[in-house]
Amino acid sequence: MNRSLLRTTGAATAVYGIAVALRPELLARPSGLAGPGGVAPEVAASLRPLGLRDAACGAAMALAPDDRSLRTATLLRIVADFGDAALLSRTLPTARHRRAALAVSVGWGALSVAGLLWGERGRCGRLNRRRAPDW
């Protein structure tokens, strides 16, 4: 596990999540959910909880006190990212926005997967064949 990559990813996610919770247009505009007059109140109300979810998951990754907690927080982050990819890539208004959401969501999820699989020095971790991983 690459703790520094996971903690950095978590911190970046937390900062972005707080920013989206405060200013939903940061997610609405690139997602095609903002109109010419800005972000509709109901769209903003729907995006703020996503920002808070990202802030909470990211903070859990950044502040996890031990490896087991860091793995758990990272797995939550991965599920959220791949869930976003599955849902947003089907539901956003245009194909361009759907492709962008898919790329961004899968990219962040893949970064977290890489952090779990690769060690601090860039080596792929090996599972002990005698016992299951303690995630």
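User: Which residues lie nearest the centre of the largest pocket?
Analyst: In this predicted model, local features need pLDDT of at least 70 and side-chain atom pairs count only at pLDDT 80 or more, while totals for chains, interfaces and linings use all residues. Residues are numbered from 1 along each chain as its sequence is written, and side-chain values use heavy atoms, without hydrogens or water. The largest pocket (an open set of 1 Å grid points where a 1.4 Å probe fits, with protein on both sides within 12 Å along at least five of seven lines; lining residues have an atom within 4 Å of a point) has a lining of 22 residues, and those nearest its centre are Tyr16, Leu27, Val104, Ser105 and Trp108.

User: Which element gives the largest share of that pocket's lining?
Analyst: Two or more lining residues come from each of α1 (3-22), α2 (25-31), α3 (41-63), α4 and α5 (95-117), where helices are DSSP runs of H or I with at least four residues. The largest share, six residues, belongs to α5.

User: Is phenylalanine 82 buried, exposed or partly exposed?
Analyst: Phenylalanine 82 belongs to helix α4, which spans residues 67-91. Buried means under 20% relative accessible area and exposed over 50%, with partly exposed in between (1.4 Å probe, protein chains only). Because its relative accessibility is 34%, phenylalanine 82 is partly exposed.

User: How far apart in space are glycine 119 and arginine 3?
Analyst: Glycine 119 sits in the segment after α5, and its relative accessible area of 16% makes glycine 119 buried. Although 116 residues separate glycine 119 from arginine 3 in sequence, their C-alpha to C-alpha distance is 8.0 Å.
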